[in-house]
Amino acid sequence: MPLRMLRYVDLAVLAVALPVFVAADLSMFAWAGVTVVWLLQRVVHAFLLSRAEASGNPRAAVGLLSVSVIGRVWFLALAVLGIGLIDDEAGLPAAVLMAVTFQVWFTAVFVSRSVEGGRA
């Protein structure tokens with residue numbers, strides 16, 4: 001069960017960030033923008049992951065997963081840039097929230113893959 005919870009720790013970071021943004025009087029546009037973009041990229045990643053698993057071709061699977069990770073970084077960076085261009089006060093909070101959320105997600109993926117690999 002704890003290993004399964006690691007898959008959603010990034011969503012917990014976004015949920016915990018909401019009261020922090022409210023208490024610190026930070027831009028709610030930054031929080032909402034990062035949250036929407038993060039959820040959108042999670043859906044795209046899940047779709048590409050299912051396509052990679054269904055392909056049966058190891059090269060195609062690695063290609064899809066590589067596109068997913070590299071595309072994710074670019075998409076998130078451009079989204080933060082867009083948020084900052086739309087609202088000057090939202091750029092820095094959006095960038096910090098995105099960086100923290102991405103780091104937590106990346107660490108959780110690394111740990112869960114290591115544990116899953118260690119069991120096999």
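The largest pocket in this predicted model is lined by 18 residues, and His45, Leu49, Trp105, Val109 and Arg113 are the ones nearest its centre. Two or more lining residues come from each of helix H3 (28–55), helix H4 (58–86) and helix H5 (91–119). Which helix gives the most to the lining? That is H5, with 8 residues. The volume of the pocket is about 630 Å³. Sorted by class, its lining holds 11 nonpolar, 2 polar and 5 charged residues.

**Two helices checked by length**

You can test a helix with a ruler: take 1.5 Å a residue and look at how far apart the end C-alpha atoms are. Here are H2 and H4 side by side.

| Helix | Residues in the helix | Expected span | Distance between end C-alpha atoms |
|---|---|---|---|
| H2 | 15 residues | 21 Å | 22 Å |
| H4 | 29 residues | 42 Å | 41 Å |

For H2, which covers residues 9–23, the two values agree. The values for H4 agree as well.

**Helix H2 and what follows**

Which residues of H2 are buried? They are Asp10, Val13, Leu14, Ala17 and Phe21. An α-helix has 3.6 residues a turn, so residues three or four places apart point the same way. Keep that in mind as you look for the buried residues of H2 in the structure, among them Val13 and Ala17. Just past the end of H2, Asp25 has a positive phi of about 55°.

**Thr101 in helix H5**

Thr101 sits in helix H5. Is Thr101 buried or exposed? Its relative accessible area is 0%, so Thr101 counts as buried, the cut-off for buried being under 20%. A polar atom of its side chain lies 2.7 Å from the backbone oxygen of Leu97. Setting aside neighbours within four places in sequence, Thr101 touches Asp10, Val13, Leu14 and Trp38. Asp10, Val13 and Leu14 have already appeared here, as buried residues of H2.

**Along helix H4**

At the N-terminal end of H4, Asn57 acts as a cap, with a side-chain oxygen 3.1 Å from the backbone nitrogen of Arg59. Buried residues in H4 are Ala61, Ser68, Arg72, Leu76, Ala79, Val80, Ile83 and Gly84. Ser66 also belongs to H4, but its relative accessibility is 34%, so Ser66 counts as partly exposed. How far is Ser66 from Leu76, 10 residues apart along the chain? Their C-alpha atoms are separated by 15 Å.

Notes. Residues numbered from 1 in each chain as written. Predicted model: local features only at pLDDT ≥ 70, side-chain atom pairs only at ≥ 80, totals over all residues. Heavy atoms only, no water. 1 Å grid on protein atoms, 1.4 Å probe; cavity = no way out; pocket = protein on both sides within 12 Å on 5 of 7 lines; lining within 4 Å. Points joined across faces, edges and corners; volume = space filled by probe spheres on them. Helix = DSSP H or I, 4+ residues; strand = E, 2+ residues; numbered from the N terminus. Nonpolar A, V, L, I, M, F, W, Y, C, P; charged D, E, K, R; others polar. Expected span 1.5 Å × (residues − 1). Buried < 20%, exposed > 50% of the residue type's maximum accessible area, 1.4 Å probe, protein only. Polar contact = N/O pair within 3.5 Å; in protein donor to acceptor, adjacent residues only side chain to side chain. Contact = heavy atoms within 4.5 Å.
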